[in-house]
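This report describes how a protein model holds its ligand, how its domains are arranged and what its interior cavity looks like. Please consult the sequence and structure shown here alongside the text.

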Amino acid sequence: MNAAGNTPVLLCGNFEAQEHQAWLSALSLALPDVDWLDVTTARLRAGEVQVAVVANPPLGSLQGLPELRLVHSLWAGVDRLLADPSVPAHLPIVRMVDPAMTAAMVQTALWAVLALHRGYFVYGQHQRQARWLPHAQLRADEVSVLVLGEGVMGHAVRAALAAQGYAVTSWRRDGAPLARVLPQAQVVVNLLPLTAETRGLLNADFFAALPRGAGIVNLARGAHVVDDDLLNALQSGHLAHAVLDVFNTEPLPPAHPYWQHPRVTVLPHAAALTDERSAATVVAKNLRAFWRGQPMPHLVDRVRGY
Ligand code: GLV
């Protein structure tokens with residue numbers, strides 16, 4: 001099948017109606033020769049559908065499509081997709097790597113690290129108490145930051161922090177033992193993929209290995225963190241502050257202690273939203289290459305889990 005004529009492509013995900021419309025418009029603009037089908041219409045044309053473009057799709061969405069040859073994720077993290085046993089194991093999956101999303105992640109990481117380093121979260125609380133209390137100002141090179149993850153985003157965040165002068169190191173799961181790097185890490189920025197090995201990595205042992213007063217920035221997945229362990233480490237004063245963008249349950253339930261915690265900053269999984277316009281351009285480039293028989297970039301390795 002080639003891109004000329006109307007090629008049927010399944011577009012499915014865990015979308016709100018408005019979001020679905022935004023994706024349809026952006027993708028239709030980027031790939032005008034495609035018929036964008038939903039799960040129901042794709043099954044009616046099952047013999048023709050070779051490509052699916054998905055955003056965290058509900059379990060079983062890709063079932064009943066025997067001709068499927070490629071899945072393109074609109075999400076950077078594919079943990080939900082890999083957890084779906086109905087997604088055939090041989091199917092190549094392309095992860096979203098979008099420069100606009102990487103830039104947004106860099107901005108959030110910079111903001112969080114700067115705010116932890118310079119005490120801006122503390123000043124925010126002091127303002128509410130009309131407290132005028134300047135505190136010591138460290139230079140960036142006196143603050144050691146550990147970036148967990150050396151993927152596209154981990155690299156970009158590390159480079160941006162280094163450019164600000166931070167003493168930054170990074171870690172990958174198959175690199176140096178964590179025990180060697182944690183005792184120096186005053187701020188930890190998590191950008192790991194969620195896999196069987198990284199689930200629950202940020203637990204009591206992890207926090208205990210950090211120096212007293214360390215800060216945590218979780219921009220990856222909620223399941224990397226054992227919430228009770230984090231709350232205990234904050235409660236005991238061992239950790240100073242946590243900036244959390246992702247949670248074990250999303251949306252974060254209204255009664256969750258993170259919401260009211262004075263030393264937790266909550267973001268609504270918004271550190272780096274996918275920008276439909278730039279992501280659609282990425283999808284168009286990759287699908288055109290696929291239809292020309294060219295190799296796909298950023299393919300997920302099922303064994304590694306990302
Ligand atoms: C967002 O969390 C993503 O994985 O794209």
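## Polar contacts of the ligand

In this predicted model, a polar backbone atom of A76 lies 2.7 Å from an oxygen atom of the ligand. Two side chains also make polar contacts: R221 places a polar side-chain atom 2.8 Å from a ligand oxygen, and H269 has a polar side-chain atom at 2.7 Å from an oxygen atom of the ligand. Taken on its own, the ligand has 190 Å² of accessible area, and the protein covers 88% of that area.

## The shell around the ligand

The residues that surround the ligand are W75, A76, G77, M101, R221 and H269. By class, this shell comprises three nonpolar residues, two polar residues and one charged residue. W75, A76 and M101 count as nonpolar, G77 and H269 as polar, and R221 as charged.

## Domain arrangement

The domain assignment divides the protein into two parts: domain 1 spans 7–98 + 274–291, and domain 2 spans 99–266. Their centres, taken over C-alpha atoms, are separated by 32 Å. Eleven residues from domain 1 and eight residues from domain 2 take part in the contact.

The ligand shell can be read against these bounds. Within it, W75, A76 and G77 belong to domain 1, while M101 and R221 belong to domain 2. H269 falls in the stretch between 266 and 274, outside the bounds of both domains.

## Interior cavity

How many cavities of 30 Å³ or more does the model contain? The count is one, and the largest cavity has a volume of about 40 Å³. Its lining consists of N56, P57, S73, W75, G77, V78, R80 and L81. Four of these lining residues are nonpolar, three are polar and one is charged. W75 and G77 appear both in this lining and in the shell around the ligand.

Methods
Residues numbered from 1 in each chain as written. Predicted model: local features only at pLDDT ≥ 70, side-chain atom pairs only at ≥ 80, totals over all residues. Heavy atoms only, no water. 1 Å grid on protein atoms, 1.4 Å probe; cavity = no way out; pocket = protein on both sides within 12 Å on 5 of 7 lines; lining within 4 Å. Points joined across faces, edges and corners; volume = space filled by probe spheres on them. Near = heavy atom within 4 Å. Polar contact = N/O pair within 3.5 Å; in protein donor to acceptor, adjacent residues only side chain to side chain. Areas by Shrake-Rupley, 256 points an atom, 1.4 Å probe, with all protein chains shown as cover. Domains from an automatic or database assignment. Contact = heavy atoms within 4.5 Å.
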